[in-house]
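Biologist: I should like to go through this structure with you, one question at a time. Please give the reasoning before each answer.

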Amino acid sequence: MDWTEASMSTALRGEIRLALEVPAWAWRFYLRHLPLVVGLSLVASLQRLVVVEWGDHVPGALAVASEVLVMGVRLLLLVLVWRLAMRDTRWRFDNLSAFARSHWRSLVIQGVLLSVAFMVFDVVAENVVAGFLPADSRSTYLAVLLFVKNPTVIAFTFIWWVGLARQMLREVPAPATT
């Protein structure tokens, strides 16, 4: 292996490490703020459980109002996660393009990781597994799945996205000069 292969390998390892920093940070954040995240997410969990399982008995206006409530609570969760994530972080919007140019591989890796999570928890869990169930139990399965996904997968994904923004916006101190 010549020096260019070794340096590319080292650079790629660095980008993988950089990409994995975000889900690791998101996991720590999720655990540290578990009551807040789960508490707000339970609004969506309960709404999905009721609307998916007993939707035929929920008046249309109430179903729409509950969707608006869920959107509002999710927006509140996003705002609170942002505020908590950024409170001790110096950040600048002009860091976005510099980060994207310098660390596009890390962004691609994170995109792949998020895509895999989407495939597993959305496509496979909601569509493939449900397809193997008897028709009369699919709505119950979906209602329970959505109940569980809201405070776990969906909330964690929100935190991951905020973590990605945090990583890209963070003001990195200039190296010390001698």
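Biologist: By class, how many nonpolar, polar and charged residues does the lining of the largest pocket have?

Modeller: The model is a predicted one. In it, the largest pocket has a volume of about 270 Å³. Its lining includes Leu114, Phe118, Asp122, Lys149 and Thr157. By class, the lining divides into nine nonpolar, one polar and two charged residues.

Biologist: Which element gives the largest share of the lining of the largest pocket?

Modeller: Two or more lining residues come from each of α5 and α6, the latter spanning 138–169. Seven residues make up the largest share, and they belong to α6.

Biologist: Is Val153 buried, partly exposed or exposed?

Modeller: Val153 lies in helix α6 and is one of the residues that line the largest pocket. Buried means under 20% relative accessible area, and exposed means over 50%. Val153 has a relative accessibility of 22%, so the class is partly exposed.

Biologist: What distance separates the C-alpha atoms of Val153 and Ala117?

Modeller: Val153 and Ala117 both appear in the lining of the largest pocket. Along the chain they are 36 residues apart, while their C-alpha atoms are separated by 8.6 Å.

Biologist: What accessible area does the nonpolar surface patch that includes Phe121 have together?

Modeller: Phe121 is located in helix α5, residues 104–132, and also lines the largest pocket. Its relative accessible area is 39%, so Phe121 is partly exposed. On the surface it joins Trp104, Val108, Val112, Val116 and Val120 in a nonpolar patch, whose accessible area together is about 530 Å².

Note on methods
Residues are numbered from 1 along each chain as its sequence is written. This is a predicted model: local features need pLDDT of at least 70, side-chain atom pairs count only at pLDDT 80 or more; totals for chains, interfaces and linings use all residues. Side-chain values use heavy atoms; hydrogens and water are left out. Patches are made of residues with over 30% relative accessible area and no salt bridge: like charges are joined within 9 Å, nonpolar side chains (Val, Leu, Ile, Met, Phe, Trp, Tyr) within 5 Å. Accessible areas come from the Shrake-Rupley method with a 1.4 Å probe; for residues, only the protein chains shown count as cover. A salt bridge is a side-chain nitrogen of Lys or Arg within 4 Å of a carboxyl oxygen of Asp or Glu. Helices (H or I, at least four residues) and strands (E, at least two) are DSSP runs, numbered from the N terminus. Buried means under 20% relative accessible area, exposed over 50%, partly exposed in between (1.4 Å probe, protein chains only). On a 1 Å grid over the protein atoms alone, a cavity is a set of points where a 1.4 Å probe fits but cannot get out, and a pocket is an open set with protein on both sides within 12 Å along at least five of seven lines; lining residues have an atom within 4 Å of a point. Grid points are joined across faces, edges and corners, and a volume is the space filled by probe spheres set on the points. Ala, Val, Leu, Ile, Met, Phe, Trp, Tyr, Cys and Pro count as nonpolar, Asp, Glu, Lys and Arg as charged, and the others, Gly among them, as polar.
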